[in-house]
Structures are given as structure tokens and as C-alpha cells.
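This report looks at charged pairs and nonpolar cores in one protein model. Look at the sequence and the structure first, then read on.

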Amino acid sequence: MYQIRHFLGGEFVLNTEEIKIIKSTFLFSQITDDEFKGFVDGNDCFIRSFSKGENIFIGGDGEKSLGILLLGKATALCSDKGSLKVFSSGDVFGVADVFNNTNGAPYSIMKATSNCRVFFVTKNGVEKLILANPETAIKYISFLSDRVAFLNRRISTFTAKEAISRMAK
């Protein structure tokens, strides 16, 4: 078990199952146990618990960080207008927000649909992981590329229906 010092004070304990979840993600899967322990001993990660209905994450708002859902379920919403995706234990969110330079209105909101526990990695922490291990950078880019491809397919599906409808008129 690892103790994590929260940058706002206090300590949290990661249990064996939570460590396994974190280390199975693209961000941590290639680092050694010693590297992981060294990382969580630093000030670049923290854990928070959320109650059902609470906002976990608002894209473009606050400190840049990504989250790994350790416990519970959460839903990504597009500015409170509709559900984009349901997340469960082991899912990573906020990846695009870490290096996004856009400020202003949130483009997505993560809301707890049950009680949740989340492991957050700050932008500084992500940068350290990437600089220490180039494979992490490749996996990060691959993750983002997969998301872009998925979104492009979704956009094509919606716009194709509109184009056919317009041509029929």
C-alpha cells in the first residue's frame, strides 16, 4: 500500500486493487513499481471522493489534471445538455484538457452517478511521466488519436444524415 500526500494536506492510502487499476492505464502501465512509488510520494497526484450527483471534473476549469476512476460510475456530459459517455472503474478522463490552452466555458462535465473515488494526476505530473518515459508519450498520443478517430466517426454519422436529408429536398 502507498501513502499519498495530497497537495492541500492530508494523506490517502491506495489499496492493492486501486494500485492495480492505476497501473493498468496507458499512463502508468509501462513504469516500474519503484517509479510508481516515487511518483505517488511526490506532489503531482491526489485522491478525492465524490458523492452521487457531485461534479467530479469540469473541462477548462481549475487546475489542469486528468483523473482515473478508482471506484464508482460517472457520466460525461456536454455542458449539462446530454450524456456523452458513462465511465467506470479504470477509465481515464480529462486527458484532452491537460494540454488544452482554451479557457472559458466548460466543454464537458464529469458527474458522479454513484459514490466515486478518483486518482488525479496534475499537468506537472503528466509532464514528468512523459519526460521520464517516452513510451508514455506515445501511449498518450495514441489514446488521444483514438478519441479523435471516434469523434470523427460520430461527426460523420450525424452530418451524413443531414447531407442526405438536404439532397432529398
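Is K20 buried or exposed? K20 counts as exposed, because its relative accessibility is 53% and the cut-off for exposed is over 50%. The model is predicted.

**Salt bridges**

The structure holds seven salt bridges. Three of them are listed here.

| Pair | Closest N to O distance |
|---|---|
| E17 and K20 | 3.9 Å |
| R117 and E18 | 2.4 Å |
| K23 and D33 | 2.7 Å |

E17 and K20 are both in helix α1, three residues apart, which is about one turn of the helix. E17 is partly exposed, at 44% relative accessibility.

R117 and E18 form a salt bridge between strand β10 and helix α1, so this pair ties together parts that are 99 residues apart in sequence. Both R117 and E18 are buried.

The salt bridge of K23 and D33 joins helix α1 to helix α2, so parts ten residues apart in sequence are tied together. K23 has a relative accessible area of 19% and is buried, while D33, with 48%, is partly exposed.

**Nonpolar cores**

In soluble globular proteins, nonpolar side chains tend to be buried together. In this model, the largest nonpolar core has 24 residues. L14, F28, L66, I68, F119 and V121 have the most contacts inside this core. Elements that give two or more residues to this core include α1 (16–23), α2 (33–40) and β10 (116–122). Another core, of 14 residues, lies apart from it, and F57, A74, F87 and M110 are among its members.

How values were computed. Residues are numbered from 1 along each chain as its sequence is written. This is a predicted model: local features need pLDDT of at least 70, side-chain atom pairs count only at pLDDT 80 or more; totals for chains, interfaces and linings use all residues. Side-chain values use heavy atoms; hydrogens and water are left out. A nonpolar core is a set of buried Ala, Val, Leu, Ile, Met, Phe, Trp, Tyr and Cys residues joined through side-chain atoms within 4.5 Å. Buried means under 20% relative accessible area, exposed over 50%, partly exposed in between (1.4 Å probe, protein chains only). Helices (H or I, at least four residues) and strands (E, at least two) are DSSP runs, numbered from the N terminus. A salt bridge is a side-chain nitrogen of Lys or Arg within 4 Å of a carboxyl oxygen of Asp or Glu.
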